[in-house]
Amino acid sequence: MRPLEFLRLSWRSIRGHTLRSTLTTLGIVIGIAAVIAFVTLGASLQAGIIGDISPDDQRNLYGWAADEGIEGGPLAGAQPVFSETDLETVSDLEGVEAAYGYASIQTQAVSDGDEQVAQGDGLIAAGASYIREGDLREGRQFEDGEREAVINPAMAAQFEENVSVGDDLELTFLGGQTATVTVVGITDTSEGLSPFEGFEAAPRVYVPTDPYYGEAAGGVGGGGEDDGEGVRFVAIVVEAASMDAAAIDRARTAATDYLESPESDAGERLGEDQVVTLQTSTELLQQLEDILDLLQNFIVGIAAISLLVGSIGIANIMLVSVTERTREIGIMKAVGAQNRDVLGLFLTEAVVLGVVGAVIGTGLGLAAGYLGAWYIDLPPVYPLEYVALAIAVGVLVGVLSGLYPAWRAARTDPIDALRYE
Amino acid sequence: MTSSGERAVSLRDVRKTYRVGEPVHALDGVSLEIPRGSYTAIVGPSGSGKSTLMHLVGCLDTPTEGEISVGGREVTALSERERTSLRGSEVGFVFQTFNLMPRLSALENVALPQLFQGVSTAERLERARTLLEEVGLGDRTDHLPNELSGGQRQRVAVARALVNDPALVLADEPTGNLDTETGERILALFDDLHAAGNTVVMVTHEPHVAARAERTVHLLDGRIERIEPAGEGRE
């Protein structure tokens, strides 16, 4: 018998019970849609984040001090230990290009002349080389010790008249102190520039740690503290001489050795079990990806259960169908249908149910993943290999769930079947 | 035709025993020759072995003992698959309850048996259309069975029985579900089939139906009680 005829006859049977067939495939639809949606979202997320790491960033080591073995992302359990002196010393170490502190300073508002917008975070204090030439759309980097700032497009767009290079902004810190900065540059993206910031788009102002961090840290808890011996940083950035692995390791070893030794201010302050961690963006993202993978496995697990339930649903409905159509099976056998014809017919029907479920589920999943990616502003990536996999799973589910009912149908005795009412 | 013999069906000392606790001899030594082109009625009370005989002649079942050949081929020697294949090509069934596929149109129902013979779709539908025209349903080809009257359904079933050009048409109470007038027309159709050279075997319990056949085989308790030629009423 011809496969196309099998398909036609199966489709006729499925269409004969539209509601029943729809409900049966729902389990498969949900399972496949969940996997595809999540995989699309995950792939988009990874592409979005990894796409953000510029080659320049790859030689940066992001560091903080925390209890050994602590779980979590960047800055988890970080302590304010790094002093200005430490950073200066690290800068001069062999293999280190530059080292500077990083702090997120809490603010109340940012004003452009009379216009004031509430702004809780987004003020970032760092060293001059934190903002790289390639990140600037216009203007230049701020200089250490100057009252200058670089803003991102999202911040510029917050004000009615777009802020441009040369304008003055007034910052109101959490403690109520104010400071005036001159905008000297605007970045080309509103997304974060390092793993410390996170990679989502948000309005941000970048200023030099000197003088702003000292001013803000005076009792405002801007992420570090001033204990009278000068400010201490929670987070630091160490730039290696180049982005190759050996250079990065050299810089990392040199900086870590020094910062953990009693010679440094940081080393003095470190508790017994505390260590200094220095990682590149890629290494930090690896952790994020691990979490993402874990979540993905979890969703896939749930989807697998849904697929299992869906398969049982198909198997169940196929058994009902075989019983209902006992007489039809008898007729087909009487007019010359072989066992394998009957087997093929019912198997095709189960596979069609599985594949239809998989196709609908894939469509829904891609749509949901696309919407999700669009909502959190990521470039949508379609994991095409998963689409192929989903269809294959649909076929597999159909075959597995249809095998026993189809075998039962094929074994039906035509004499009994023709007598069946 | 695959056969070269003169007999459409031949049974030699056929026994069929069902074991449901006590062995039941549904057929107990039946020998019968059904020549090509003949019209045979098989009659008998319930439990006489009519159905069993029909299943055996229709290659749906195999005898416990004895030999059956259909269309010149020995049924007992065949595997299940070969028997199915023989049934498909050499036997055309017409049932009391029509037994059409409910979701297939009249045309598709008639074309169905050839699907299992591997005939191409275009060819099958063409043949089915011709047969439906022959049974007077040329204008009902696209109707589903539930859109047809009982008489029309039985005509579809007759067309389906003929589609593979079988060695015999096996009818089981073909008028049992029809009113007298419609039943008469169906019987007239069988007369036509016979006149056209087809071999017809009809199982019935109605004497007036059996009377249209060339001869009547009376079954009783699994044995042939007597065989009488048509129109004579007694041997």
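Two strands are said to pair if DSSP finds at least two bridges between them. In this predicted model, a good place to start is an open sheet of 6 strands in chain B, whose order is β6-β7-β8-β3-β9-β10 and whose pairing is mixed. Its edges are formed by β6 (91-94) and β10 (223-229) of chain B, each of which pairs on one side only. On average, neighbouring strands of the sheet are turned by 20° against each other, direction ignored.

One strand pair can be followed in more detail. Strand β9 (residues 215-220) of chain B runs antiparallel to β10(B), and the two are joined over 6 bridges. Among the residues involved, B:Thr216 has B:Glu228 in β10(B) as its bridge partner. Helix α1 (residues 50-57) of chain B packs on the sheet, where this helix touches β3 (39-43), β6, β7 (168-172), β8 (200-203) and β9 of chain B. The direction of helix α1 of chain B makes about 155° with that of β7(B).

The interior comes next. In soluble globular proteins, nonpolar side chains tend to be buried together. Here, the largest nonpolar core has 65 residues, and those with the most contacts inside it include A:Phe346, B:Val9, B:Leu112, B:Leu168 and B:Leu170. Helix α10 (residues 339-375) of chain A supplies the largest share of this core, 8 residues. A second, separate core comprises 45 residues, among them A:Leu61, A:Val90, A:Ala240 and A:Ile248.

B:Leu170 gives a closer look at such surroundings. Apart from neighbours within four places in sequence, B:Leu170 is in contact with B:Met54, B:Val57, B:Gly58, B:Val91, B:Gly92, B:Phe93, B:Val94 and B:Val201.

Methods
Residues numbered from 1 in each chain as written. Chains lettered and ligands numbered in written order. Predicted model: local features only at pLDDT ≥ 70, side-chain atom pairs only at ≥ 80, totals over all residues. Heavy atoms only, no water. Core = buried A, V, L, I, M, F, W, Y, C linked by side-chain atoms within 4.5 Å. Buried < 20%, exposed > 50% of the residue type's maximum accessible area, 1.4 Å probe, protein only. Helix = DSSP H or I, 4+ residues; strand = E, 2+ residues; numbered from the N terminus. Contact = heavy atoms within 4.5 Å. Axes fitted to C-alpha atoms, helices over the stretch in contact; angles between N-to-C directions.
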